[in-house]
Amino acid sequence: MALATFGTCFAGFGCGVAAISAQRCWQRNPQPTRCVSPSDPHSQNHQRIAKCNCGQLNVTVTGPDPERISLCHCNLCQKQSGNVFAVQARFPKEQVKIEGTSTVWKLTKDEADKLEYRNCVSLGGGGSFHFCPRCGSTVWYMADADTARIGVKIGCFTDPAFPPPKLSGFEDYCHPWALETASLAVQHLK
Ligand SMILES: [Zn+2]
Ligand SMILES: [Zn+2]
């Protein structure tokens with residue numbers, strides 16, 4: 001079995017988190033080049049690039065993996081991602097380089113409080129969300145209460161080895177099946 005060949009950490013990082021995500025990825029999609037990050041994720045030189053669907057809006061992050069990686073089930077995150085929950089990570093500004101054009105959706109805390117649906121922006125004190133004006137992907141954001149960091153929607157990295165969330169919120173709005181997708185009785189698309 002290929003997994004045993006690579007020991008506890010498939011990617012060779014000596015990192016349990018990376019090992020879990022990389023092994024799961026390997027099991028589903030036996031193409032190692034898609035799973036292995038190009039460098040040690042704990043190093044100062046480790047680099048990832050988040051891109052919108054059309055590719056013109058890019059966020060390059062260089063350095064260790066972030067401390068804050070969150071999963072949110074709130075209705076705003078559902079609407080924004082077009083999915084049943086959203087996952088994002090915040091990186092110190094000095095680790096981040098942004099290229100390309102974005103349109104910003106600015107939402108103040110007062111505006112967020114008046115929305116008819118529950119949302120994490122209200123709790124976080126407002127924020128600015130940057131999406132590609134051509135293809136619509138929301139790639140990055142900044143929380144008004146945390147301007148020292150840039151938030152990145154981790155789906156834009158398309159990196160199955162990205163570490164899993166460390167925080168989760170708004171579970172009352174969770175689609176009950178959403179965290180059990182591996183056990184769903186579904187037909188698998190090729
Ligand atoms: Zn785009
Ligand atoms: Zn949210």
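**A predicted fold, strand by strand**

Phe170 counts as partly exposed, because 19 C-beta neighbours lie inside 10 Å of this residue, and burial would require 20 or more. The model discussed here is predicted. In this model Phe170 is placed in the segment after β10. The backbone of Phe170 has a phi near 60°, which is a positive value in a residue other than glycine. Most residues other than glycine have a negative phi.

Thr158 also has a positive phi without being glycine, with a value near 45°. Thr158 belongs to the loop between β9 and β10. Its surroundings contain 12 C-beta neighbours inside 10 Å, and Thr158 therefore counts as exposed; the limit for that class is 12 or fewer.

From these two positions the description can turn to the chain as a whole. The secondary structure consists of six helices and ten strands. The chain has 190 residues, of which 31% count as buried. Of the contacts in the chain between residues at least 6 apart in sequence, 59% join residues that are at least 24 apart.

The strands may be considered sheet by sheet. Seven of them make up an open sheet with mixed pairing, in the order β6-β7-β8-β9-β4-β3-β10. At the edges stand β6, residues 103–107, and β10, residues 167–169. Each of these edge strands has a single partner strand, so one side of each is left without a neighbour in the sheet. From one strand of this sheet to the next, the twist averages 25°.

Within the order of this sheet, β4 stands between β9 and β3. Strand β3 covers residues 68–72 and is joined to β4 by five bridges, the two strands running antiparallel. Individual residue pairs allow this pairing to be followed in the structure: Ile69 has Ala89 in β4 as its bridge partner, and Leu71 stands opposite Val87 in β4. Towards β9, β4 is again joined by five bridges, and these strands too run antiparallel. Here Phe91 stands opposite Ile150 in β9. Strand β4 is mostly covered, with five of its seven residues buried.

Arg149 offers a further view of the region where β9 and β4 meet. This residue lies in strand β9. Arg149 and Pro92 are separated by 57 residues in sequence, yet their C-alpha atoms are 4.3 Å apart in space. When residues up to four places away in sequence are not counted, Arg149 touches Arg90, Phe91, Pro92 and Lys93. Arg149 counts as partly exposed, because 19 C-beta neighbours lie inside 10 Å, whereas 20 or more would make a residue buried.

Another open sheet is formed by three strands in the order β1-β2-β5, with antiparallel pairing. Its edge strands are β1, residues 47–51, and β5, residues 96–99, each of which pairs on one side only. Neighbouring strands of this sheet are turned by 15° against each other on average, direction ignored. The antiparallel pairing of β2 with β5 extends over four bridges, and Thr60 stands opposite Lys97 in β5.

Which residues have the most contacts inside the largest nonpolar core? They are Val59, Val139, Trp140, Val152 and Cys156, within a core of 20 residues. Several strands contribute to this core: β2 (58–62), β4 (86–92), β7 (127–131), β8 (138–143) and β9 (149–153) each supply at least two residues. The largest share, four residues, comes from β8. This core thus draws on strands of both sheets, since β2 belongs to the three-stranded sheet, while β4, β7, β8 and β9 belong to the seven-stranded one.

Val152 illustrates how these parts of the chain come together. Residues up to four places away in sequence are again not counted, and Val152 touches Ala50, Val59, Val61, Gln88, Ala89, Phe91, Val139 and Trp140. Among these contacts, Ala89 is also the bridge partner of Ile69, and Phe91 is also the residue that stands opposite Ile150.

Apart from the largest core lies another core, of nine residues. Its members include Cys72, Cys74, Phe85 and Val121.

Note on methods:
Residues are numbered from 1 along each chain as its sequence is written. Chains are lettered from A and ligands numbered from 1 in the order in which they are written. This is a predicted model: local features need pLDDT of at least 70, side-chain atom pairs count only at pLDDT 80 or more; totals for chains, interfaces and linings use all residues. A nonpolar core is a set of buried Ala, Val, Leu, Ile, Met, Phe, Trp, Tyr and Cys residues joined through C-beta atoms within 7 Å. Two residues are in contact if their C-beta atoms, placed from the backbone, lie within 7 Å. Two strands pair if DSSP finds at least two bridges between them. Axes are lines fitted to C-alpha atoms, for helices over the stretch in contact, and angles run from 0 to 180 degrees between N-to-C directions.
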